Amino acid sequence: MSIRASVRELARYHFTPHADDQAIKLDQNEGPLDLPAELREQAIRRIAAADWNRYPELQPLSIEHAVAAKHAWPTDGVVVTNGSNVLLQALTIVAGIGQTVLTVKPTFSVYALQARLLGAELVEVPLAEGFALPTDALLEAMAGRRGVLFLADPAAPTGNQLARDGLLRLLEAAGDDWLVVLDEAYADFGRHDHAELVKRYPTAVSVRTFSKAYALAGVRLGYGLMAPALAGEVRKAVLPFSLSALQCAVGLTVLEEPSYVEARVALARSERDRLFQGMTSMDGVTAFPSSANFVLFRVADAAAVHAGLLDRGVVVRRQDHLPGLAGCLRVSAGLPAENDAFLLALGAVLERTSKAAAKVAATTGRPEVSHG
Ligand SMILES: *Cc1c(COP(=O)(O)O)cnc(C)c1O
């Protein structure tokens, strides 16, 4: 077969959709509610009015203008794509191929997958204690190489916010040799974003998405904020006409009426904190503090807890295949009733598994498995 070895050897993006559409879906960090009905109708009217027989804008300038206004950014420094993953790919094409993709691990899997797919050298530096930014090790990896550094902040799937002074040192060290991409998919839920920081560096990029805070994961819209000169290069790697008129119509509608987002974000934050508190008060669970719309947590047996939750109609995401995340699962902040159902189900599953473990210990004399 003429398929390149780097493609044949590549693992597929890891996601198993759940078949039960009645299940409580807390596995993809989506907004738990669709757009307000009025906005949906406005978007549909706009779609109806579009010329479907004509190509859309070559470069989606109308929506790039609207994004630029939102962030007080020069329009020619905004690159809008059909999902931010497409932009991550474009950044890998322009600065990774033939050079290096540098990132941390564990992190969002797309950076490494694209590096492997496109045949870039991949360097993954383990996160420091407490999932902290391993600044010195990253600086060491950058020395003598060129390429693109991908960092998610708030981090995914760990949820922590990275230290700003570390990011600053990396940006300073990047010079002309490195693009520094800050994937800010969860910035709306965090303490701060990095727009001001990115503005100061000609090779820094802030990647954003409409998939989380804007509750538009199904529409596929993302964008990058960067210096206009860099944007001009990145656009060469985005296929012409790749943002459809339909996506553009929906994006323009929410950018005109973004007021629904604030209350959604406030709810996601308070529900995230409630999930964290709820799990912290349970025996057998370690929840990790989060600045995103999800909480990472560790249990003794991730597979059993994942399956037990599924039996009770709650879908969460396994993360225990990732380096450093043995025993870890990730739950998205859903609606209050959904989070209540999750906490109740988790309590029941843990009680059952700890009873089962105690029974094994009693009958075999082996100590109960607990996890550290
Ligand atoms: C969800 C997510 C995205 C969003 O990707 P889209 O293609 O815009 O849906 C990007 N980065 C991270 C780290 C994410 O978790």
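Before I show anything, a word on angles: axes are lines fitted to C-alpha atoms, for helices over the stretch in contact, and angles run from 0 to 180 degrees between N-to-C directions. Helices (H or I, at least four residues) and strands (E, at least two) are DSSP runs, numbered from the N terminus.

Okay, housekeeping. This is a predicted model, where local features need pLDDT of at least 70 and side-chain atom pairs count only at pLDDT 80 or more, while totals for chains, interfaces and linings use all residues. Residues are numbered from 1 along each chain as its sequence is written, and side-chain values use heavy atoms, with hydrogens and water left out.

Let's start with a helix pair. Helix H6, residues 135-142, packs against helix H7 at an angle of about 10°, and their axes are 10 Å apart. That makes H6 roughly parallel to H7; angles under 35 degrees get that label, over 145 is roughly antiparallel, 65 to 115 roughly perpendicular, and the rest oblique. Who touches whom? On the H6 side we have Thr135, Asp136, Leu138, Leu139 and Met142, and they meet Gly166, Arg169, Leu170, Ala173 and Ala174 in H7. Contact here means heavy atoms within 4.5 Å. Sort the contact of H6 with H7 by class and you get 6 nonpolar, 2 polar and 2 charged residues. For the record, Ala, Val, Leu, Ile, Met, Phe, Trp, Tyr, Cys and Pro count as nonpolar, Asp, Glu, Lys and Arg as charged, and the others, Gly among them, as polar.

H7 itself, residues 164-174, lies across strand E5 (147-152), strand E6 (178-183) and E7, and runs at about 150° to E6. That takes us to the sheet. It's an open one of 7 strands, in the order E2-E8-E7-E6-E5-E3-E4, with mixed pairing. The edges are strand E2 (78-81) and strand E4 (121-126), each pairing on one side only. From one strand to the next, the twist averages 20°. Two strands pair, by the way, if DSSP finds at least two bridges between them.

Now look at E6. Is this strand buried or exposed? Well, 6 of the 6 residues of E6 are buried, so it is largely enclosed by the rest of the structure. Buried means under 20% relative accessible area, exposed means over 50%, and partly exposed is in between, with a 1.4 Å probe and protein chains only. In a regular strand the side chains alternate between the two faces of the sheet. Both faces of E6 are covered: Trp178, Val180 and Leu182 are buried on one side, and Leu179, Val181 and Asp183 on the other.

Next door, E5 and E6 run parallel and are joined by 6 bridges. Ala152 stands opposite Asp183 in E6. Phe150 is in E5 too, and Phe150 is buried, at a relative accessible area of 1%. Leave aside neighbours within four places in sequence, and Phe150 contacts Leu88, Leu91, Thr92, Val101, Leu102, Thr103, Val104, Tyr111 and Val181.

Over at the E2 edge, 4 bridges join E2 to strand E8 (residues 222-226), and the two run antiparallel. Val80 stands opposite Tyr223 in E8. Helix H3 packs on the sheet here, touching E2, strand E7 (204-209) and E8, and its direction makes about 125° with that of E2.

H3, residues 61-71, has a helix partner as well: it packs with helix H10, residues 245-256, at about 25°, with axes 9 Å apart. That makes H3 roughly parallel to H10. The H3 residues in the contact are Ser62, Ile63, Ala66, Val67 and Lys70, and those of H10 are Cys248, Gly251, Leu252 and Leu255. By class, that's 6 nonpolar, 2 polar and 1 charged.

Last stop, the other sheet. Here 4 strands form an open sheet in the order E9-E10-E13-E12, with antiparallel pairing. Strand E9 (286-287) and strand E12 (317-318) are at the edges with a single partner strand each, so one side of each has no neighbour in the sheet. Strand E10 (residues 294-298) and strand E13 (residues 328-332) are joined by 5 bridges, and Leu296 has Arg330 as its bridge partner in E13. Helix H11, residues 259-280, lies across E9, E10 and E13, running at about 15° to E10. Helix H12, residues 302-311, also packs on the sheet, touching E12 and E13, with its direction about 30° from that of E13.
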